[in-house]
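Please open the structure in your viewer, with the sequence panel beside it, and follow the stops below in order. Each stop proposes a selection and then says what is to be found there.

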Amino acid sequence: MTATETLSLAEIEDLAFRALVKAGTTEENARPLAVATAMTEADGVASHGLAYIPIYCQHVDCGKVDGTAKPVVAQPRPAVVTVDAATGFAHSAIDVGFEKLIPLARETGVAVLAINNSYNCGVLGVHTQRLAQAGLLGIGFTNAPASIAPSGGAKPVVGTNPFSISAPDADGNAALLIDQSASTIAKSEVMKHAREGQPVPEGWVLDAEGQPTTDPEAGLKGSMVPSGGYKGVGVALTVELMAAAMAGATLGSVASPFSGTAGGPPKTGQFFIAIDPEATSGGMFQEKLTDLINSFREQDGARLPGDGRLTHRQAAAVDGVAVNAALLEKVRALV
């Protein structure tokens with residue numbers, strides 16, 4: 001059995017914050033990333049939580065991400081906000097962008113945020129949830145270095161490219177959260193298996209020749225299996241259009257990897273759409289959302305997207321999170 005240690009969410013945030021600052025990240029840039037790390041662990045997405053802190057610190061040290069960057073915000077059109085992340089952490093750029101996006105969406109009914117020269121934003125649903133908690137329907141896209149080949153091909157041209165949608169309830173909570181990548185599984189899960197020396201299930205990855213494999217190392221040198229075949233490729237392409245082309249960010253086909261130290265800053269992008277449901281639904285949004293959710297809930301055994309995260313988050317707030325002891329030792333060594 002793998003040894004674990006239970007930490008509170010505050011302890012996770014503090015540990016991540018101190019490690020990032022020690023690596024050369026400013027406190028202003030470290031805090032949003034540390035908060036998101038704790039939220040990610042609370043949601044039970046361990047592959048994107050503390051496990052990424054050593055990578056983030058390594059990337060600050062080698063210059064793949066600028067820990068001292070100051071995002072530059074602009075508003076080129078009445079309902080459009082843009083942020084140049086200046087090759088810094090995406091979380092800081094998203095924070096300053098949301099400061100303008102949220103009130104703007106409430107005022108105009110709909111507003112968009114485009115971020116370029118950015119970096120890995122972690123779990124996309126962490127960010128769209130914040131829009132839902134502000135009473136807005138949040139839609140998010142983020143592109144990543146290429147790891148999915150086109151249908152009929154073997155060379156990756158688009159990333160795992162997740163999208164997320166989060167809907168608000170009447171009490172300021174995220175009532176519904178959809179957060180999924182274009183691949184069968186997130187690439188970080190394959191990286192986690194590789195670190196632990198564990199095979200991956202069939203259907204996750206292909207080797208460099210485009211053949212199925214359960215070897216995570218071979219998969220990381222090959223490509224990710226798109227979810228639903230050509231449909232997953234279509235999702236990845238859609239996200240690439242939104243997060244890269246629409247944001248003026250680097251395409252995944254030429255972006256440097258989110259892992260390792262080679263290639264310099266990836267300069268990828270994010271794109272968010274924030275909508276005030278009252279502006280479009282004639283006051284019917286909450287009623288329709290409740291009916292939609294109930295159509296799932298009334299079936300025994302049926303699961304709504306985001307249910308697992310909500311359950312894990314509620315337990316984590318009370319009992320803390322069990323973290324791999326070896327990982328904790330590695331992160332604590334950075335402080």
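**The largest pocket**

Helix H6 gives the most to the lining of the largest pocket, with 4 residues. Before selecting it, please note that this is a predicted model, in which local features need pLDDT of at least 70 and side-chain atom pairs count only at pLDDT 80 or more, while totals for chains, interfaces and linings use all residues. Residues are numbered from 1 along each chain as its sequence is written, and side-chain values use heavy atoms, with hydrogens and water left out.

Helices (H or I, at least four residues) and strands (E, at least two) are DSSP runs, numbered from the N terminus. Select helix H6 (187–196) together with strand E7 (174–180), each of which supplies at least two residues of the lining of the largest pocket. A pocket is found on a 1 Å grid over the protein atoms alone, as an open set of points with protein on both sides within 12 Å along at least five of seven lines, whereas a cavity is a set of points where a 1.4 Å probe fits but cannot get out; lining residues have an atom within 4 Å of a point. The largest pocket holds about 680 Å³ of space, a volume being the space filled by probe spheres set on the grid points, which are joined across faces, edges and corners. Of the 32 residues that line the largest pocket, His 48, Thr 160, Ala 186, Lys 187 and Ser 188 are the closest to its centre.

If you colour this lining by class, it divides into 14 nonpolar, 14 polar and 4 charged residues. Here Ala, Val, Leu, Ile, Met, Phe, Trp, Tyr, Cys and Pro count as nonpolar, Asp, Glu, Lys and Arg as charged, and the others, Gly among them, as polar.

**The second largest pocket**

Keep H6 selected, since the next stop also concerns this helix: H6 gives the most to the lining of the second largest pocket, with 4 residues. This pocket has a volume of about 470 Å³, and of the 18 residues that line it, Ala 51, Arg 195, Glu 196, Asn 324 and Leu 327 lie nearest its centre. Add helix H3 (53–62), strand E12 (321–324) and helix H12 (325–332), which along with H6 are the elements that give two or more residues to this lining. By class, the lining of the second largest pocket has 9 nonpolar, 4 polar and 5 charged residues.

**Helix H3**

Now select H3 alone: is this helix largely enclosed or largely open? With 7 of its 10 residues buried, H3 is largely enclosed by the rest of the structure, where buried means under 20% relative accessible area, exposed over 50%, and partly exposed in between (1.4 Å probe, protein chains only). The buried residues of H3 are Ile 53, Pro 54, Ile 55, Tyr 56, Cys 57, His 59 and Val 60, and they pack against helix H1 (9–22), H2, H6 and H12, contact meaning heavy atoms within 4.5 Å. Just after H3 comes Gly 63, whose phi is positive, near 90 degrees.

**The largest cavity**

A search of the whole structure finds 1 cavity of 30 Å³ or more, and about 50 Å³ of space lies in the largest cavity. Helix H2 (27–42) and helix H5 (124–133) are the elements that give two or more residues to its lining, and H2 gives the most, with 4 residues. The lining includes Leu 33, His 48, Tyr 56, His 91 and Cys 121; by class, it has 6 nonpolar, 6 polar and no charged residues.

Within H5, centre the view on Gly 125, which is buried, with a relative accessible area of 0%. Gly 125 touches Ser 164, Leu 177, Asp 179 and Arg 309, not counting residues up to four places away in sequence.

**The sheets**

Finally, show the strands, of which 7 form an open sheet in the order E2-E3-E4-E11-E5-E6-E7, with mixed pairing; two strands pair if DSSP finds at least two bridges between them. The edge strands, each pairing on one side only, are E2 (72–77) and E7. Inspect strand E4 (residues 110–118) and strand E11 (residues 268–275), which pair in the antiparallel sense over 7 bridges, and look for Ala 114, whose bridge partner in E11 is Phe 271.

A separate selection shows 3 strands that form an open sheet in the order E9-E8-E10, with antiparallel pairing.
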